[in-house]
Each structure stands twice: as C-alpha cells, then as structure tokens.
Amino acid sequence: MNNVKRFAPTAARILQGLVFFVFGLNGFLQFLPQPPAPEAAASFAGALAATGYMFPLIKGTEVVAGALLLSNRYVPLALALLAPIIVNIVAFHTFLAPGNPLAWFILAIELYLAFAYRAAFRPMLAARVDASAGAEQSKLRPVESAA
C-alpha cells in the first residue's frame, strides 16, 4: 500500500502529461482519427477554429503543459494552466458531445494532482496576502565569501 501512495502521484502526472501532450500535438498534426461530432459540438469546434487564434492557443497550451508534466518541471504551473481547459473539456463532453468518459477521467486526475501538490497552491488560495511580503521573501541574498 505504501508503494502505491509513493508512486501514484508520479503515475498520475505522467498519464496526464501524455494525454495533453499527445492530444495537443494532434490538434496541430491530426494523426489521430476523429469520430464524427454531434452538430452542436462541431459548430463549437468550428467557431474556435474560425477565430484563427483560439484553437492554436488551447492546443499549444496543452502541448506545453503536457511537456511540463512529463518533464516534472513546474508541475503546479502546468496544473494551473490546464485547469480551465479541463473545465471546458468536461463542459463540452457534458453538454455538446456526451458519452466520453475520458473527460471525467482527466478531471479526476487533475483533482488528484492538485491535492497531491496542495502545498504549492496553498499560498495562491490565501484569502488575504500582503503584496510586499512576497517581494521581501524573493529578494536574493548575497553569498558571503569564505575568504
């Protein structure tokens, strides 16, 4: 049981990273076949594509965040970037194209990872923060020479 607790965050991070890296790349390269979408879903996707920037922005964010998760770098940032995308994925598959359990699966992984990395999010969720306190903590201190 202890091994599961130890490796579960890593496994979840890699799985989430793979999902977003692969599906984000697919948005640019179209290497995975897409099943026909319901009319409302197709209209929504068409509207995103018609803007000329929104679809590439979303897919580019997915690729970058997926790569961050896979590389184990800036994981809390990657999770924060993916959160609004995942909310939209769940809403899309709830209201426009129901029947895809992957949407709920990635939501569950996101929530699990947010819990696993909760210490990184704690300062962001503080009700009141003094702006100058953060500036004081981030100042670099000079290194004293050993001479």
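**Exercise 1. In which handedness of crossing, left-handed or right-handed, does α1 pass α5?** Then work out how the two helices are oriented and which residues join them.

Solution. The model in front of you is a predicted one, and the place to begin is the pair of helices itself.

Step 1: Locate helix α1 at residues 2-29 and helix α5 at residues 101-116, and follow their axes, which come within 10 Å of each other and cross at roughly 135°.

Step 2: Compare that angle with the cut-offs, in which over 145 degrees would count as roughly antiparallel and 65 to 115 as roughly perpendicular, the rest beyond the roughly parallel range being oblique; α1 and α5 are therefore oblique to each other.

Step 3: Look at the sense of the crossing, and you will find that α1 passes α5 in a left-handed manner.

Step 4: List the residues that meet, which on the side of α1 are A8, P9, A12, R13, L15, Q16, V19, F20 and F23, and on the side of α5 are L102, F105, I106, I109, E110, Y112, L113 and A116. Sorted by character, the residues of this contact comprise 14 nonpolar, one polar and two charged.

**Exercise 2. Which side chains meet in a salt bridge, and what is the N to O distance?** Place the pair in its helix and decide whether its residues are buried or exposed.

Solution.

Step 1: The structure holds one salt bridge, and the side chains that form it belong to E62 and K59, with 3.2 Å from N to O.

Step 2: Both residues lie in helix α3, residues 54-71, and because they are three residues apart there, about one helical turn separates E62 from K59.

Step 3: Turning to accessibility, E62 is buried and K59 is buried as well.

**Exercise 3. Where is the place of L77?** Describe its accessibility and its distance from A65.

Solution.

Step 1: L77 belongs to helix α4, which covers residues 75-96.

Step 2: Its relative accessibility is 46%, so L77 counts as partly exposed, since that class lies between the cut-offs of 20% and 50%.

Step 3: Although L77 and A65 are twelve residues apart along the chain, their C-alpha atoms are separated by 8.0 Å.

**Exercise 4. How many helices and how many strands are there in the protein chain?** Add what is known of burial and contacts in the whole chain.

Solution.

Step 1: The protein chain has seven helices and zero strands.

Step 2: Of its 147 residues, 24% are buried.

Step 3: Among contacts with a separation of 6 or more, 69% come from residues 24 or more positions apart.

Notes
Residues are numbered from 1 along each chain as its sequence is written. This is a predicted model: local features need pLDDT of at least 70, side-chain atom pairs count only at pLDDT 80 or more; totals for chains, interfaces and linings use all residues. Side-chain values use heavy atoms; hydrogens and water are left out. Axes are lines fitted to C-alpha atoms, for helices over the stretch in contact, and angles run from 0 to 180 degrees between N-to-C directions. Helices (H or I, at least four residues) and strands (E, at least two) are DSSP runs, numbered from the N terminus. Angles under 35 degrees count as roughly parallel, over 145 as roughly antiparallel, 65 to 115 as roughly perpendicular and the rest as oblique. A crossing is left-handed if the near helix is turned anticlockwise from the far one by less than a right angle, and right-handed if clockwise. Contact means heavy atoms within 4.5 Å. Ala, Val, Leu, Ile, Met, Phe, Trp, Tyr, Cys and Pro count as nonpolar, Asp, Glu, Lys and Arg as charged, and the others, Gly among them, as polar. A salt bridge is a side-chain nitrogen of Lys or Arg within 4 Å of a carboxyl oxygen of Asp or Glu. Buried means under 20% relative accessible area, exposed over 50%, partly exposed in between (1.4 Å probe, protein chains only).
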